[in-house]
Structures are given as structure tokens and as C-alpha cells.
Amino acid sequence: MAEFIYIDNFSKTGKMAISLRVFEEIIKKALNNLPDISLSQKSTKKKQLIFLHKPVETTIKRGIVHTSVSVDIKNNITPHDACSIIQNEITRTFLAFTDQVPFDVQVRVESILNA
């Protein structure tokens, strides 16, 4: 699995790479702008020493950034609408930051909270 995605550098002065962690931070910042939607707060068992749940998971396969986002939404928005809003916001943010990186965004609604 790749840790970086390389961007075409037209000035021929070297390679530019973006890390997986950068994409995860971009997604977290994008979701902070959305009301009624937050990253999943799902937790594991009380006595478990290792926390395995990550609300944002990113991988790079064959030059494509694959992202999976788990969210909690308030009950005044439907899960379908929330997924569309999240995908559009992440797409807009990725295009603003990277311009040319191919990506795939998957959204999973973990829970619906009372407003």
C-alpha cells in the first residue's frame, strides 16, 4: 500500500508528494464546516486497551485515493442527504487543495443523534 501520491510537476524541478495523513486532515477540516454532521464517536469496549476505530480511513491504490468516512448525524437530516452533502464537501475540498488527484469517497452513517 502506498503512503504518498505523486503529483505531476510541470516545472521539472523534482517530485511533489502528498501523504495519506494530509488527506485525512483535509477531510476532518472539511467536515468541521458542516452543521448537523460530525465524525463518528463510536467507541470500543471499556476495558479494551487498543482503540481500533478510526472515523477517517484513507488508502492509495493504483494512484487513486480511497477514503472511507464514518459519521454521526442529527435526526433533522436524512442519511442519504447527509452522504451527498459530505461527498460534495470532500470533493470540493480535495479539488481546491490538490487540483488533479483522482479519489473515491465512501460515507457510512454510524448513528443518528437527537437534535
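Here are legends for four close-up views of this predicted model.

**View 1. The β1 strand and its partner β2.**
Let's start with strand β1, whose side chains take turns between two faces. Ile5 and Ile7 point to one face and are buried. Phe4 and Tyr6 point to the other face and are not buried. Strand β1 is joined by four bridges to β2 (residues 16-19), and the two strands run antiparallel. If you would like a pair to look for, tyrosine 6 has alanine 17 in β2 as its bridge partner.

**View 2. The largest nonpolar core, with isoleucine 86 as a guide.**
The largest nonpolar core has 26 residues. Leu31, Val71 and Ile86 are the residues with the most contacts inside this core. Which elements give two or more residues to the core? They are the strands β1 (4-7), β3 (37-39), β4 (56-61), β5 (64-74) and β6 (103-113), together with the helices α1 and α2 (79-98). Zoom in on isoleucine 86 and you will find that this residue touches Leu31, Leu34, Ile37, Val71 and Val107, leaving aside residues up to four places away in sequence. As background, nonpolar side chains in soluble globular proteins tend to be buried together.

**View 3. Three phenylalanines in one aromatic cluster.**
Phe23, Phe94 and Phe103 make up one aromatic cluster. The count of aromatic pairs comes to two. In one of them, the ring centres of phenylalanine 23 and phenylalanine 94 are 5.3 Å apart and the planes meet at 80 degrees, so this pair is edge-to-face. Phenylalanine 23 belongs to helix α1 and phenylalanine 94 to helix α2, so their pairing ties together parts that are 71 residues apart in sequence. Both of these residues are buried. The rings of phenylalanine 94 and phenylalanine 103 have centres 5.0 Å apart and planes at 80 degrees, which means that this pair is edge-to-face too. Are phenylalanine 94 and phenylalanine 103 buried or partly exposed? Phenylalanine 94 counts as buried because its relative accessibility is 0%. Phenylalanine 103, at 24% relative accessibility, counts as partly exposed, because buried means under 20%.

**View 4. Glutamate 25 on helix α1.**
For the last stop, look at glutamate 25, which lies in helix α1 (residues 20-32). Its relative accessibility is 40%, so glutamate 25 counts as partly exposed. How far apart in space are glutamate 25 and valine 56? Their C-alpha atoms are 9.0 Å apart, while the two residues are 31 residues apart in sequence.

Key
Residues numbered from 1 in each chain as written. Predicted model: local features only at pLDDT ≥ 70, side-chain atom pairs only at ≥ 80, totals over all residues. Heavy atoms only, no water. Buried < 20%, exposed > 50% of the residue type's maximum accessible area, 1.4 Å probe, protein only. Core = buried A, V, L, I, M, F, W, Y, C linked by side-chain atoms within 4.5 Å. Contact = heavy atoms within 4.5 Å. Phe/Tyr/Trp six-rings, centres within 6.5 Å; stacked < 30°, edge-to-face > 60°. Pairing = 2+ DSSP bridges.
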